[in-house]
Amino acid sequence: HDTMQELAHVSHTLHQLQTSQTEMRHEAMKLQAETRTLLKESAMVSVKAVQAAQQQGVQVQEANREETTKRFREISDANKKAIADILKTMEERLSSSVDQVQSAVG
């Protein structure tokens with residue numbers, strides 16, 4: 001009689017263990033699924049972050065390009081002006097030299 005009770009108790013305990021194992025397995029699977037979802041989401045977030053950073057980088061590049069173009073134009077204009085001044089000065093010197101030669105030849 002006692003043995004039967006003990007056996008019943010053992011089998012009940014085993015059944016409980018199996019049930020809790022099954023529940024734990026389900027929980028683990030749920031956790032795995034959640035983890036996968038979280039990983040996917042965080043991957044998406046990091047992809048978006050990278051894209052945003054790249055976009056910002058592109059904007060910075062654009063700004064830099066505009067700035068560079070502006071500076072280049074300024075330098076170019078300054079150079080053109082300097083060249084024009086030099087040419088003008090050379091022309092003036094040349095014409096005064098011609099005048100000198102002409103008056104010397106006179």
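The secondary structure of the protein chain comes to 1 helix and 0 strands, in what is a predicted model. That helix, H1, covers residues 2-105, and the chain has 106 residues, which gives the frame within which the residues discussed below can be placed.

The overall dimensions come next. Along its principal axes, the C-alpha trace of the protein chain spans about 150 × 15 × 10 Å. The radius of gyration of the chain is 44 Å, whereas a compact globule of 106 residues would have a value near 13 Å. A single pair of positions illustrates this on a local scale: Ala-49 and Glu-91 are 42 residues apart along the chain, and their C-alpha atoms are separated by 61 Å. Ala-49 has its place in helix H1, and with a relative accessible area of 43% this residue is partly exposed.

How much of such a chain is buried? Buried residues make up 0% of the 106 residues, where buried means under 20% relative accessible area. The protein chain exposes about 10000 Å², and carbon and sulfur atoms supply 61% of that area.

Part of the nonpolar surface can be assigned to particular side chains. Ile-83, Ile-86, Leu-87 and Met-90 make a nonpolar surface patch of about 410 Å². Leu-87, one of these residues, is found in helix H1, and its relative accessibility is 49%. Because the exposed class begins over 50%, Leu-87 counts as partly exposed.

The charged side chains offer a second view of the surface. The protein chain has 13 positive and 15 negative side chains, and the centres of the two sets lie 7 Å apart. Side chains of opposite charge can pair when their charged atoms come close. With a cut-off of 4 Å between a side-chain nitrogen of Lys or Arg and a carboxyl oxygen of Asp or Glu, the count comes to 4 salt bridges, and three examples may be followed along the helix.

One of these salt bridges joins the side chains of Lys-30 and Glu-27, with an N to O distance of 3.4 Å. Both residues lie in helix H1, where they are 3 residues apart, about one turn of the helix. Lys-30 is partly exposed at a relative accessible area of 48%, and Glu-27 is likewise partly exposed, at 42%.

Another salt bridge is formed by Glu-74 with Arg-71, whose closest N and O atoms are 2.9 Å apart. Here, too, the partners both lie in helix H1 at a spacing of 3 residues, about one turn of the helix. Glu-74 counts as partly exposed at 38% relative accessibility, while Arg-71 is partly exposed with a relative accessible area of 42%.

The remaining example pairs Lys-81 with Asp-85 in a salt bridge, the closest N and O atoms being 3.4 Å apart. Because Lys-81 and Asp-85 are 4 residues apart in helix H1, they are separated by about one helical turn. The two partners fall into separate accessibility classes: Lys-81 is exposed, with a relative accessible area of 55%, whereas Asp-85, at 38% relative accessibility, counts as partly exposed.

Taken together, the description is of a chain with 1 helix and 0 strands, in which buried residues make up 0% of the total, and in which the helix carries salt bridges including those of Lys-30 with Glu-27 and Glu-74 with Arg-71.

Definitions and conventions
Residues numbered from 1 in each chain as written. Predicted model: local features only at pLDDT ≥ 70, side-chain atom pairs only at ≥ 80, totals over all residues. Heavy atoms only, no water. Patch = residues over 30% accessible without salt bridge, like charges linked within 9 Å, V, L, I, M, F, W, Y side chains within 5 Å. Areas by Shrake-Rupley, 256 points an atom, 1.4 Å probe, with all protein chains shown as cover. Helix = DSSP H or I, 4+ residues; strand = E, 2+ residues; numbered from the N terminus. Buried < 20%, exposed > 50% of the residue type's maximum accessible area, 1.4 Å probe, protein only. Rg over C-alpha atoms; globule rule 2.2 N^0.38 Å. Lys, Arg positive; Asp, Glu negative; His and termini not counted. Charge placed at Lys NZ, Arg CZ, Asp CG, Glu CD.
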